[in-house]
Amino acid sequence: MDIHTFADLLGHYPYRYLDSAQVQNIKSIRPDQEYVQLRGILMQIFEEGSGFKRRLKATLADQTGQMELVWFQGIPWIKKNLIPNKAYTVFGKLSVFNGVYSITHPEIEPIENHTQKEIPALQPVYSTTEKLRSKGLTNRAFAKLLQALMEKLTPEDLPEIIPPNILQQYGLIGRFDAMVNIHFPQSETHRQLAERRLKWEELLLTQLRIARLKTGHRKQAGWVFEKVGEQFNAFFSDHLPFDLTGAQKRVLKEIRQDTQTGVQMNRLIQGDVGSGKTMVALMSMLLALDNGFQACLMAPTEILAQQHVQSFRELLKPLHIPVALLTGSVKGKEKKQILEGLQKGLIPFVIGTHALVEDTVRFHNLGLAIIDEQHRFGVTQRAKLWQKNQRPPHILVMTATPIPRTLAMTVYGDLDVSVIDELPPGRKPVQTIHRSENYRPKVMQFIRHEIDKGRQVYIVYPLIDESDKLAYESLNANYEQVKAWFPDHKYNIGIVHGRQPQEERERNMQRFIAGEAHILVATTVIEVGVNVPNATVMVVESAERFGLSQLHQLRGRVGRGADKSYCILLTGYELSQESRRRMSIMSQTTDGFVIAEEDLKMRGPGDLYGTRQSGALHFKIADIIHDVAIMEETKTAAQALLAADPGMEKAMHQPLRVALQQTKSGLVQSWSKIS
Ligand code: ADP
Ligand code: MG
């Protein structure tokens, strides 16, 4: 469990507390409850099924009713340790199926025979694993270890690190007190104060770290784009296909300001799908060009890179500005030519995929690097682009997935943020409809209508692993089925997926973009960025298998033109509560921000936005979803502290500085190893 020292053990906070007051009756359970805590007798314990479907079930009964407990894993060990007719406290996530309640993999503790009085109101519950438990390291064993440790601990072992003025201003309790009360709270109020204090400490350290990183950037010299030049102006006045939205203009102005200061720009542009980020990218690149610099645009997929190149070439044709394409499939002589052109400065603009960060790619003078759809890229890749010059280029990161506020303050905390909060005029919100699969005939009929009106349609299938042969076969079967729905020769149906040879995929995509194919059967390769304004229907098959952000991205492929668009989510008939909720959120809102926040809530931060490797989300106690308020307090406090004492040299800031250098959590690590 990554516990090596006593400090680590102290930092193994309870993840919840057994509150003897909060036990409920089975009869009083409501279907909308997320968690329940019960007390009852285990009646029967029995196994069902075999192989994959093997499970252990037990019936829990109290005075008011019965319900089922279910285990899929660790069955032999659990079975050995459950004693029929014994009383247990049970806690877990409630599932409801056909009106019947059950708890899968509950936490379960025998009720010992001590009197009520001996049990403290709040008992800590520690996480452990099935494996550790089988060796005796149960939750209760952890509690005992911590109790023993606490008895030896004195305030000197845990000196205060937050300066007294901050403690006072924000009403925080002392460090030692907090540690005692997080493990063995005297009362709920004590527990809350302890939790607040420890979260505060963790987030303060995070915010100090970010603030110092940011000042580090601020010192990084950047190229100066002195002027708004000829090409930019010519494009702006003569070749823009539409008026820029107010938001696009504002963001361009922000970029213009950033690039004049002599400091490297690190800016994140957040704009919902279809808000017109590409045009901002193109015009920023013109700004670089007019000042004598090269610029590159990095896209997450080959298809997207190609599409960008195509539209850039089209738009820039009258200005005779060449745009190169560099992806993994550009090879041999062509690649050599591009690499040479870039190195010699003959090619001003290059658009590509990951291939752009390869070591062989050298620029003559790269002034601006743009990363489209950032969440597909890791933080490391972003950093790699920096190293393309002696002096790093200005960096512009564009993302369609709105970043919840907490993430903006942590993972992206070192970037300045611009928001395109306005869609181009005339867009109608996409109407989203959730139907079960037996509506498919009607959906197909509807599709036919739309095509007859001259529109185009996407049908997307989930393919988790594009290299999986079976999945590939089933996709092909689906493709044949779609064809069977449209036997008439006037309907052209294309297919794109990750297993196709590059050329074939490209050809099929082009046919759809050109309007020659009416229906595009696809996997999520089209999830990001693809722009076909004439497409008005997005059908997502097995929609329950997609996450919210993915669904929002897919939906963003339609509603890009003037016609009313539809997103149809087809799912199985029986849905888990969570899937049902996802479908209902999608049907109710098109606001990317709401969806991103919900997604974070439902999935947890996990691997969202490729941030796993950044480490910024690994909090011990703070919660990136719910602790926005504390995050903001600590941000303010960190800024004030650094404004008053940039080097953190004052005596009262010493302990914090040491903590920053020592560990992520700020706990002292020099204590002896547990052996
Ligand atoms: P995203 O922000 O999702 O990358 P795009 O840049 O692909 O969005 O733009 C979506 C569509 O809107 C494109 O067809 C683009 O040409 C169009 N568009 C962009 N800006 C404007 C604008 N100011 N007025 C009208 N249409 C615009
Ligand atoms: Mg885009």
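**Entry 1: the hairpins around strand 3**

I began with strand 3 and strand 4 of this predicted model, and I noted that strand 3 and strand 4 form a hairpin with 2 residues between them. I then looked up how the two are joined, and strand 4, residues 65–71, pairs with strand 3 in the antiparallel sense over 7 bridges. As one residue pair to keep in the notes, I wrote down T59, whose bridge partner in strand 4 is E68.

Next I turned to the other neighbour in sequence, strand 2, which covers residues 35–48 and runs antiparallel to strand 3, with 6 bridges joining them. Here the pair I recorded is L42 with its bridge partner L60 in strand 3. Strand 2 and strand 3 also form a hairpin, with 6 residues between them, and in the turn I found G49 at a positive phi of about 65 degrees. How many residues of strand 3 are buried? I counted 7 of the 8 in residues 55–62, and I therefore entered strand 3 as mostly covered, taking buried to mean under 20% relative accessible area.

**Entry 2: strand 11, helix 12 and strand 12**

I moved on to strand 11, residues 323–326, where V323 and L325 point one way and A324 and L326 the other way, and where all are buried. I looked up its pairing with strand 12, residues 349–352, and found the parallel sense, over 4 bridges. Within that pairing, I noted that L325 has I351 in strand 12 as its bridge partner. I followed the chain from strand 11 through helix 12, residues 332–344, to strand 12, and I recorded this β-α-β crossover as right-handed.

**Entry 3: the shell around ligand 1**

Which residues are the closest to ligand 1? I found 16 residues surrounding the ligand, and the closest are D243, G274, K277, T278 and R427. Sorting the residues of the shell by class, I obtained 4 nonpolar, 7 polar and 5 charged.

I then went through the polar contacts in turn. A polar backbone atom of D243 is 2.8 Å from a nitrogen atom of ligand 1, and an N or O atom in the side chain of Q248 is 2.9 Å from a nitrogen atom of the ligand. An oxygen atom of ligand 1 lies 2.6 Å from a backbone N or O atom of G274. Taken alone, the ligand exposes 570 Å², and I noted that the protein buries 85% of that.

**Entry 4: single residues in loops**

I looked up L244, whose place is in the loop between helix 8 (230–239) and helix 9 (246–258). Its relative accessible area is 10%, and so I entered L244 as buried. I also took the C-alpha to C-alpha separation of L244 and I173, which are 71 residues apart in sequence and 52 Å apart in space.

G515 lies in the loop between helix 17 (502–513) and strand 19 (519–522). I entered G515 as partly exposed because its relative accessibility is 33%. From G515 to I447, I found 68 residues in sequence and 15 Å in space, again C-alpha to C-alpha.

For N365, I placed the residue in the loop between strand 12 and strand 13 (366–372). Is N365 buried or exposed? At 19% relative accessibility N365 counts as buried, because the cut-off for buried is under 20%. I also recorded that the side chain of N365 reaches the backbone oxygen of G292 at 2.6 Å.

**Entry 5: positive phi outside glycine**

I kept in mind that most residues other than glycine have a negative phi, and I then looked up two residues with a positive value.

H320 has a phi near 55 degrees, although this residue is other than glycine, and I found H320 in the loop between helix 11 (302–316) and strand 11. With a relative accessible area of 70%, H320 is exposed.

M648 is not a glycine either, and I noted for it a positive phi of about 50 degrees. I placed M648 in the loop between helix 21 (628–644) and helix 22 (654–662). At 0% relative accessibility, M648 counts as buried, whereas H320, as noted above, is exposed.

Conventions. Residues are numbered from 1 along each chain as its sequence is written. Chains are lettered from A and ligands numbered from 1 in the order in which they are written. This is a predicted model: local features need pLDDT of at least 70, side-chain atom pairs count only at pLDDT 80 or more; totals for chains, interfaces and linings use all residues. Side-chain values use heavy atoms; hydrogens and water are left out. A residue is near a molecule or strand if one of its heavy atoms lies within 4 Å of it. A polar contact is a pair of N or O atoms within 3.5 Å; within protein, one must be able to donate a hydrogen and the other to accept it, and residues adjacent in sequence count only if both atoms are side-chain atoms. Accessible areas come from the Shrake-Rupley method with a 1.4 Å probe; for residues, only the protein chains shown count as cover. Ala, Val, Leu, Ile, Met, Phe, Trp, Tyr, Cys and Pro count as nonpolar, Asp, Glu, Lys and Arg as charged, and the others, Gly among them, as polar. Buried means under 20% relative accessible area, exposed over 50%, partly exposed in between (1.4 Å probe, protein chains only). Two strands pair if DSSP finds at least two bridges between them. A crossover is right-handed if, with the strands pointing away from the viewer, the path from the first strand over the helix to the second runs clockwise.
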